[in-house]
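Subject: Structure for your review

Hello,

Please find the structure below, as promised. My notes on what was found in it follow.

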Amino acid sequence: PAGYLLGLCLSDPVKCAVEEILDGMSNVKQPHVLELGTGVGFAAIALSKAARRHRISPMVLATDVSKSALDLTVTNAYRNEVKDMINVIEADYNNVGSLMELK
């Protein structure tokens with residue numbers, strides 16, 4: 001779904017995707033977000049900051065195969081004051097089933 005949303009919002013794709021995701025989770029009691037291939041955490045951080053502004057508290061699980069990318073995600077999350085909302089785990093796309101069991 002995020003890829004589809006990004007395709008619809010060429011002018012500011014991350015902002016558009018974040019807004020659509022927030023709309024979708026606004027009625028969810030305890031929303032969970034799984035980001036595959038987080039890189040340096042840009043999308044996870046943008047979503048977390050926007051969620052906080054909307055008084056929504058999702059648990060964001062950011063994954064990547066690169067430990068150094070995850071280290072940067074943690075650093076960036078601290079700098080943006082959303083580390084309390086983001087958990088990171090070293091994993092690849094082949095382990096999605098086991099990631100969905102984590103809470």
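**Leu 72 and the surface patch**

Leu 72 is partly exposed, because its relative accessible area of 44% lies between the limits of 20% for buried and 50% for exposed. Before going further, please note that this is a predicted model. Leu 72 sits in helix 4, which covers residues 67–79. Together with Val 40 and Phe 42, Leu 72 makes up a nonpolar patch on the surface, and the accessible area of the three together is about 290 Å².

**Thr 73, the next residue**

Thr 73 also has its place in helix 4. Is Thr 73 buried or exposed? Thr 73 is buried: its relative accessible area is 0%, and the limit for buried is under 20%. Leaving aside residues up to four places away in sequence, Thr 73 touches Thr 38, Gly 39, Val 40, Gly 41, Ile 45 and Val 88. Val 40 therefore appears twice in these notes, as a contact of Thr 73 and as a member of the patch with Leu 72, which is partly exposed.

**The chain as a whole**

The chain has 103 residues, and 34% of them are buried. Its secondary structure consists of five helices and three strands, arranged along the sequence as α-α-β-α-β-α-β-α. If we take the contacts between residues at least 6 apart in sequence, 74% of them join residues at least 24 apart. The exposed area of the chain is about 6700 Å², of which carbon and sulfur atoms supply 54%.

**The sheet**

The three strands form an open sheet in the order 1-2-3, and the pairing is parallel. Strand 1 (32–36) and strand 3 (86–90) are at the edges; each has a single partner strand, so one side of each has no neighbour in the sheet. From one strand to the next, the twist averages 20°.

Strand 2 spans residues 59–64 and is joined to strand 3 by five bridges, in parallel. Strand 1 and strand 2 are also paired in the parallel sense, over five bridges. Which residue of strand 2 is the bridge partner of Leu 36? That partner is Thr 63. Thr 63 also stands opposite Ile 89, which belongs to strand 3. Helix 4 packs on this sheet and touches strand 2 and strand 3, with its direction at about 170° to that of strand 3.

As for cover, strand 2 is mostly covered, with five of its six residues buried. As a general point, side chains in a regular strand alternate between the two faces of the sheet.

**Pro 31, ahead of strand 1**

Pro 31 lies in the loop that runs between helix 2 (13–25) and strand 1. Pro 31 is buried, because its relative accessible area of 6% is under the 20% limit. Where does Pro 31 stand relative to Pro 58? Pro 31 and Pro 58 are 27 residues apart in sequence, but the C-alpha to C-alpha separation in space is 4.7 Å. Pro 58 is also one of the residues that Pro 31 touches; the others are Met 25, Ile 56, Ser 57 and Met 59, not counting residues up to four places away in sequence.

Regards

Note on methods
Residues are numbered from 1 along each chain as its sequence is written. This is a predicted model: local features need pLDDT of at least 70, side-chain atom pairs count only at pLDDT 80 or more; totals for chains, interfaces and linings use all residues. Side-chain values use heavy atoms; hydrogens and water are left out. Patches are made of residues with over 30% relative accessible area and no salt bridge: like charges are joined within 9 Å, nonpolar side chains (Val, Leu, Ile, Met, Phe, Trp, Tyr) within 5 Å. Accessible areas come from the Shrake-Rupley method with a 1.4 Å probe; for residues, only the protein chains shown count as cover. A salt bridge is a side-chain nitrogen of Lys or Arg within 4 Å of a carboxyl oxygen of Asp or Glu. Helices (H or I, at least four residues) and strands (E, at least two) are DSSP runs, numbered from the N terminus. Buried means under 20% relative accessible area, exposed over 50%, partly exposed in between (1.4 Å probe, protein chains only). Two strands pair if DSSP finds at least two bridges between them. Axes are lines fitted to C-alpha atoms, for helices over the stretch in contact, and angles run from 0 to 180 degrees between N-to-C directions. Contact means heavy atoms within 4.5 Å.
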